[in-house]
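Open the model in your viewer and keep the sequence panel beside it. The stops below go from the whole chain to one helix pair.

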Amino acid sequence: YFVVSLSLTFVNKFLLSSFKFPLFTTWFQLVVALIGVLVCGTLGQWISFLSFMPPPEFHLSKALKILPLTIVYVSMISFTNMAMTEVSLSFYQIIRATVIPINA
């Protein structure tokens with residue numbers, strides 16, 4: 001987790017230092033993640049090492065229940081990417097290290 005998280009931070013900082021559209025970057029990353037989840041979930045029915053991912057299904061009632069959490073999560077990623085365009089990477093890592101992660 002640490003290596004992936006740190007490498008994604010470096011990639012985002014590199015990307016956002018030349019491409020000054022953090023909200024588009026956030027949107028694109030979330031779309032790629034959604035496609036990855038859908039593909040892994042679909043292929044997991046036939047490929048055993050992807051079977052940890054359940055097949056995709058959508059229920060509007062469940063989606064509405066978790067909508068506030070979704071808005072908070074997307075806002076967190078958006079604000080992180082916007083802040084990364086303004087602050088140095090070392091400052092960002094120090095601030096990030098002082099925040100206690102909260103997992104749902």
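Colour the chain by relative accessible area: buried residues (under 20% relative accessible area, with a 1.4 Å probe and protein chains only) make up 18% of its 104 residues. This is a predicted model, in which local features need pLDDT of at least 70 and side-chain atom pairs count only at pLDDT 80 or more, while totals for chains, interfaces and linings use all residues. Residues are numbered from 1 along each chain as its sequence is written, and side-chain values use heavy atoms, with hydrogens and water left out.

Now show the molecular surface. The accessible surface (Shrake-Rupley method, 1.4 Å probe) comes to about 8300 Å², and carbon and sulfur atoms hold 78% of that area.

Switch to C-alpha atoms. Along the principal axes they fill a box of roughly 45 × 30 × 30 Å. The radius of gyration, taken over C-alpha atoms, is 16 Å, whereas a compact globule of 104 residues would have one near 13 Å (2.2 Å times the number of residues to the power 0.38).

Switch to cartoon. There are five helices and zero strands (DSSP runs: H or I of at least four residues for helices, E of at least two for strands).

Select residues 2-18, helix 1, and residues 89-98, helix 5. Their axes, lines fitted to C-alpha atoms over the stretch in contact, come within 11 Å and cross at roughly 145 degrees, on a scale from 0 to 180 degrees between N-to-C directions. Which residues make the contact (heavy atoms within 4.5 Å)? Helix 1 supplies Ser 5, Leu 6, Thr 9, Phe 10 and Lys 13, and helix 5 supplies Leu 89, Tyr 92, Gln 93 and Arg 96.

Technical notes: Buried means under 20% relative accessible area, exposed over 50%, partly exposed in between (1.4 Å probe, protein chains only). Contact means heavy atoms within 4.5 Å.
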